[in-house]
Amino acid sequence: MPVEHELGFALIGPVRAWRGGAELPLGTPQQRATLALLLLRNGTPMTMDEIADALWGETLPAQPSATIRTYFHRIRRLLATDERDRVIAADGGGYRIEVDRLAVDVGRFCEQVTLADLAVGRGRGRDAVEHLRTALSLHQGTPLAGLPGAFVQVERARLHRLRWAALESMCRLELEHGEQARIVDQLQAAVVCEPLREPLHELLILALYRCDRQAEAFLAFENARRVLREELGADPGPRLRRLHQRMLRSDPDLCAPDQVLAPAAHPAQLPADLPVFVGRETALAAARATLPTHGAAPGRTTVIVVGGMAGVGKTAFALHWAHEVTDRFPDGQLYVNLRGFEGAGVQVGPQETILGFLHALGVHPQRIPPTADAQSALYRSLLLDRRCLIVLDNARDSAQVLPLLPGRSRSLVLIASRATLDGLVASTGARTITLDLLDHHTARELLARRLGTERVDAEPDAINALIDHCARLPLALSIVSARITARPSTFSLADAVTQLFGTHHTLDAFAGRDYTPDIRAVLASSYALLSPGAARLFRLLAPHPGSETTASAAASAAAVPVHVAGTLLRELADAQLVTQTSPGRFSRHDLLRAYADERIAETEPRAERDEAFPVGHPLSTDGRPLRPARLRPPGRTPAPRPGTPRHTRGPGRRGRGHPLVRHRTHHDTAAAGANGRARPARPHMALRMGPAQLPRPARSLARTGRRPPTRSTLSS
């Protein structure tokens, strides 16, 4: 009896009743038959005459109404918990029973058959098989066993027909799925019980034939023909005869299908959630807002792209949120690392991913179609209307993930990528959640979780230095935390920071050992995908002393037109090697700067490096960069070039080319070089520029040619 119902009834077998798991004594066969009559009517009232006719037919007792009332009085006392509990109620001169339809095994049987029909209509054949198996398991013998009456005989025959129809439907689906071996024994037992039911003979013969038991299949046909002739004096029907002829011809279409739907597998492929996860409240709120608020799966396929620079924690965020919502997707969770930035020979292609998902969804290797298109179609069919969570990690571009999206589904697809995936967003309307560097407070909380709160609180200066060295990048903070915890506990955090980073800002502190992620390798994977022009600009921006740059400054550094520099900066932004902080302005954190230092030292000639313009260098107002040879002598102002926009010429409107605007735009950068917040500007480059052409904070540097003062000298 189902635990969710206080009262439970069984009619498919002996008539029985339970309350709270304890069986109730239902009395005589006539009294059991009276209860069964009402249960089979599903709450519809029965009159006294209908009940009497069903129980006794034409041989009525002396007082049938009084006898029926006695039966109902006894049944009501058995089923009711108190005087107010009216399980059986009088209704217009008759009676009806008020119980949940699913409290009766016949109701549950019909419910499972209906669910199977719906699953077949949605193309989920294996789910339909499971529903039908559940329905058939409710049969515990002859329906209404031991009860008398013509009405009982009619209902018993009806329930038998429902059973055999469900068995036939299930066996047809199993044959379509290539599972003929599972049903042979059931069908052999069924034809013994129902020897005159030709569909059962047909299914048995076909199952034997597909199990490579052709001789037994022919014998089964002969047995069916003999039984039908002996019992009915007729030959088998046209379907059976046609099947026999096809077996004689060895019709190849009789063989098991090559392509089948997968079992109702429920994969759980998500990697473990990160034990240390902090912050990201805004991003988590945005992700939660994409799903229904009542805790259900979405009504259609939902696609979310988690973006951000390398090492910012995209995978950790995606897995953390995926574990949070797994209960909304009971049909399974699929995960794949697409390795999009690990080289052409390592990347996982869409078809390789689909093949892996088909295995995870339960498709037998022999049942997987040979062609890529057929595999993709089967994958989409399996996910039809299913509630699955699919995590596609480390995607390189839209082409790698678009074939992996379900068709009509109620699934959530979560994609982590440092690329922008504009094509995917444009074609699917995917929601993008971009992760940024941690703020200082969250970075400190992450270190407290990894190093211990007491240790972090004891050395705030060392922690601040550590956060600065790691540029608030989660991966860098995690790597350095692991390095520190591996050292003896007698080391202070200040000693550990000094030992790891020394006096130079390099990436050696993050170099991978064992299988630890390597910051240098992570950044190199993005750098390797750049075009030659964008890679060169990335390198040439290394001497840039400030925190931000513009297309004009980048054009000066790379000796290219401003519009070309703008295009290259956008490519760097798409690769997450710079961040666009506002229209036309780009920044990058110190670890990216350190990696650019390494690349420029390895690839660029010294002369080329020396000619890269520091930000704050004057640019021509017509959009073409000035090289050092074209600098005007101090004090001379050249005439405007033909076609120069009017607002950049004179003392009128102060556009972006106006000296005061240019001074204000680059003031922070020049100050950064003068105050030692970044690599010192080259003195000889400042001397080659007229002091009047420099923003005020850099003029003393140009006049003296001395290295900029350090933080300590300024503070003193």
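These legends go with close-up views of a predicted model.

**View 1. An open sheet of five strands, paired in parallel.**
Reading across the sheet, the strands come in the order S8-S9-S10-S7-S11. At the edges sit strand S8 (333-337) and strand S11 (431-434), and each of these pairs on one side only. Neighbouring strands in this sheet are turned by 15 degrees against each other on average, direction ignored.

**View 2. Strands S7 and S10, side by side in the sheet.**
Here we zoom in on strand S7 (residues 302-307) and strand S10 (residues 412-416), which run parallel and are joined by five bridges. To find your way around, start at Val303: its bridge partner in S10 is Val413.

**View 3. Helix H12 packed on the sheet.**
Helix H12 covers residues 314-324 and touches S7, S8, strand S9 (389-393) and S10. Compare the helix with S10 and you'll find that their directions make an angle of about 160 degrees.

**View 4. A salt bridge between Glu179 and Arg126.**
The model has 23 salt bridges, and this view picks out the one where the side chains of Glu179 and Arg126 meet at 4.0 Å, N to O. The two residues are 53 apart and link distant parts of the chain: Glu179 belongs to the loop between helix H6 (150-176) and helix H7 (184-193), while Arg126 is in helix H5 (residues 125-137). How buried or exposed are the two partners? Glu179 counts as partly exposed because its relative accessible area is 28%, whereas Arg126 is buried, at 5%.

**View 5. Glu174 with two arginine partners, Arg133 and Arg182.**
On one side, the side chain of Glu174 meets that of Arg133 in a salt bridge of 2.9 Å, N to O. This pair also links distant parts of the chain, with Arg133 in helix H5, Glu174 in helix H6 and their positions 41 residues apart. Glu174 makes another salt bridge with Arg182, this time at 3.6 Å, N to O. Glu174 has 0% relative accessibility, so it counts as buried. Its partners are partly exposed: Arg133 has a relative accessible area of 21%, and Arg182 comes in at 40%.

**View 6. The salt-bridge network as one picture.**
Which residues are joined into one network by salt bridges that share partners? They are Arg126, Arg133, Glu174, Glu179 and Arg182. As a reminder of the chemistry, side chains of opposite charge can pair when their charged atoms come close.

Definitions and conventions
Residues are numbered from 1 along each chain as its sequence is written. This is a predicted model: local features need pLDDT of at least 70, side-chain atom pairs count only at pLDDT 80 or more; totals for chains, interfaces and linings use all residues. Side-chain values use heavy atoms; hydrogens and water are left out. Two strands pair if DSSP finds at least two bridges between them. Helices (H or I, at least four residues) and strands (E, at least two) are DSSP runs, numbered from the N terminus. Axes are lines fitted to C-alpha atoms, for helices over the stretch in contact, and angles run from 0 to 180 degrees between N-to-C directions. Contact means heavy atoms within 4.5 Å. Buried means under 20% relative accessible area, exposed over 50%, partly exposed in between (1.4 Å probe, protein chains only).
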